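Visitor: Pick one spot in this model and walk me through it slowly, please. After that, put the spot back into its chain, and the chain next to its partner.

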Amino acid sequence: MVAWTDLERVTIKDIFSKIDYEVVGPAAISRCLIVYPWTQRYFAGFGNLYNAAAITSNPKVAAHGKVVMQGLEKAVKNMDNIKATFTELSTLHSEKLQVDPDNFMLLGDCLAIVVAAQLGKDFTPVVHAAFQKFLAVVVSSLRRQYY
Amino acid sequence: MSLTEKDKAAVKSVDAIGAEALGRMLLVYPQTKTYFSHWPDLTPGSAPVVSHGKQIMGGVTEAVSKIDNLRGGLLELSELHAFKLRVDPSNFKILAQTIMVVVAAMFPNDFTPEAHVAFDKFLAAVALGLSERYR
């Protein structure tokens with residue numbers, strides 16, 4: 001069981017109420033594919049990922065960014081049981097998609113940077129710390145069903 | 001040749017980035033505090049954090065000037081981190097990520113994906129240079 005302080009709960013919900021899912025999701029996935037190009041191995045069916053411009057304007061990438069945000073929102077709504085909430089998603093990533101779990105924090109790092117860019121001064125060290133803890137819990141839950 | 005207001009602002013922002021990044025790192029990745037048990041105050045904005053943040057960014061700026069030979073150019077700093085400070089190299093990555101978050105928050109329009117990948121590569125290369133003398 002993860003111990004969330006009241007401040008952390010409020011902060012996480014606040015972050016997710018302030019960020020624009022339509023912007024953050026696609027931006028984070030695009031950055032991940034651009035900054036860590038080996039992650040493209042999981043998106044072979046997405047068409048043109050040839051350069052940064054192509055990735056940023058790729059509609060399948062953008063659509064997938066929104067899917068990721070929906071997943072994260074599930075975690076925000078079930079903060080006391082992210083592990084169970086993500087059992088199916090974890091199995092999906094492990095058995096069907098066969099994603100190397102080390103990649104999860106790469107996307108996490110890109111999310112932190114995109115959210116920081118969106119919130120600017122409001123992404124204070126305390127807010128950043130809560131977000132990083134949230135990401136760590138999400139990543140750990142996604143890793144759980146890997147055998 | 002004297003410093004213009006724009007030059008001074010750029011230099012001051014580098015120091016500010018260092019102070020901000022270090023303070024954040026200690027809060028966001030608490031395991032990094034273990035290297036600073038000798039400081040009286042580890043909170044963001046405290047005197048030791050601000051001055052040490054400046055020192056770190058000084059090192060990063062030095063690395064920029066030695067960008068064509070990071071492994072050779074950072075040997076002294078590598079020895080410091082390897083033999084005296086004994087910092088686990090995984091922490092270099094942590095600080096690199098924190099620096100980039102600070103840069104993204106301060107300059108959201110300039111920290112494009114292209115700038116991000118270049119900076120990430122550079123900081124990874126600096127980390128490698130700092131690890132050179134470890135073993």
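**The close look**

Guide: Let's start at B:T32, which counts as buried because its relative accessible area is 2% (buried means under 20% relative accessible area, exposed over 50% and partly exposed in between, with a 1.4 Å probe and protein chains only). Before going on, a word on ground rules: this is a predicted model, where local features need pLDDT of at least 70, side-chain atom pairs count only at pLDDT 80 or more, and totals for chains, interfaces and linings use all residues. Residues are numbered from 1 along each chain as its sequence is written, chains are lettered from A and ligands numbered from 1 in the order in which they are written, and side-chain values use heavy atoms, with hydrogens and water left out.

Back to our residue. B:T32 sits in the loop between α1 and α2 (47–65) of chain B; helices here are DSSP runs of H or I with at least four residues, strands are runs of E with at least two, and both are numbered from the N terminus. So what does B:T32 touch, once its neighbours within four places in sequence are set aside? Its contacts are B:M25, B:L26, B:N91 and B:I94, a contact being heavy atoms within 4.5 Å. Two of those partners belong to helices you can find by their ranges: B:M25 falls within α1 (residues 5–28), and B:I94 within α5 (residues 90–106).

Those two helices also mark the ends of the confidence range. Within chain B, α1 has the lowest mean pLDDT, at 86, and α5 has the highest, at 96; pLDDT is the predictor's confidence in each residue, on a scale from 0 to 100. For chain B overall the average is 92, and 99% of residues score at least 70. The model itself scores ipTM 0.86 and pTM 0.89.

Follow α1 back and you reach B:E5, which is found in that helix. B:E5 is exposed, as its relative accessible area is 60%. The C-alpha atoms of B:E5 and B:G18 are 20 Å apart, with their positions 13 residues apart along the chain.

Another loop worth a stop is the one between α4 (75–85) and α5 of chain B, home to B:R86. This residue is not a glycine, yet its phi is positive, at about 50°. B:R86 counts as exposed, given a relative accessibility of 60%.

Now zoom out to the whole of chain B. It has six helices and zero strands. Its radius of gyration is 15 Å, close to the 14 Å that the globule rule gives for 135 residues, so chain B is as compact as a globular protein of that length (the radius is taken over C-alpha atoms, and the rule is 2.2 Å times the number of residues to the power 0.38). Its C-alpha trace spans about 40 × 35 × 35 Å along the principal axes. Buried residues, B:T32 among them, make up 39% of the 135. Take contacts between residues at least 6 apart in sequence, and 67% of them join residues at least 24 apart.

As for its surface, chain B has about 7,900 Å² accessible, 59% of it from carbon and sulfur atoms (Shrake-Rupley method, 1.4 Å probe; for residues, only the protein chains shown count as cover). There are 14 positive and 14 negative charges, and their mean positions lie 5 Å apart. Lys and Arg count as positive and Asp and Glu as negative, without His or the chain ends, and each charge is placed at NZ of Lys, CZ of Arg, CG of Asp or CD of Glu.

Then there's the partner. Chain A has eight helices and zero strands. A compact globule of 147 residues would have a radius of gyration near 15 Å, and chain A agrees with its 15 Å. Half of it, 50% of the 147 residues, counts as buried.

Chain A offers a buried residue of its own: A:S90, in helix α6 (residues 87–96), is buried at 0% relative accessibility. Beyond its neighbours within four places in sequence, A:S90 contacts A:S141, A:L142, A:R143, A:R144, A:Q145 and A:Y146. Past that helix, A:Q98 lies in the loop between α6 and α7 (102–119). A:Q98 is exposed, with a relative accessible area of 55%, and has a positive phi of about 50° although it is not a glycine.
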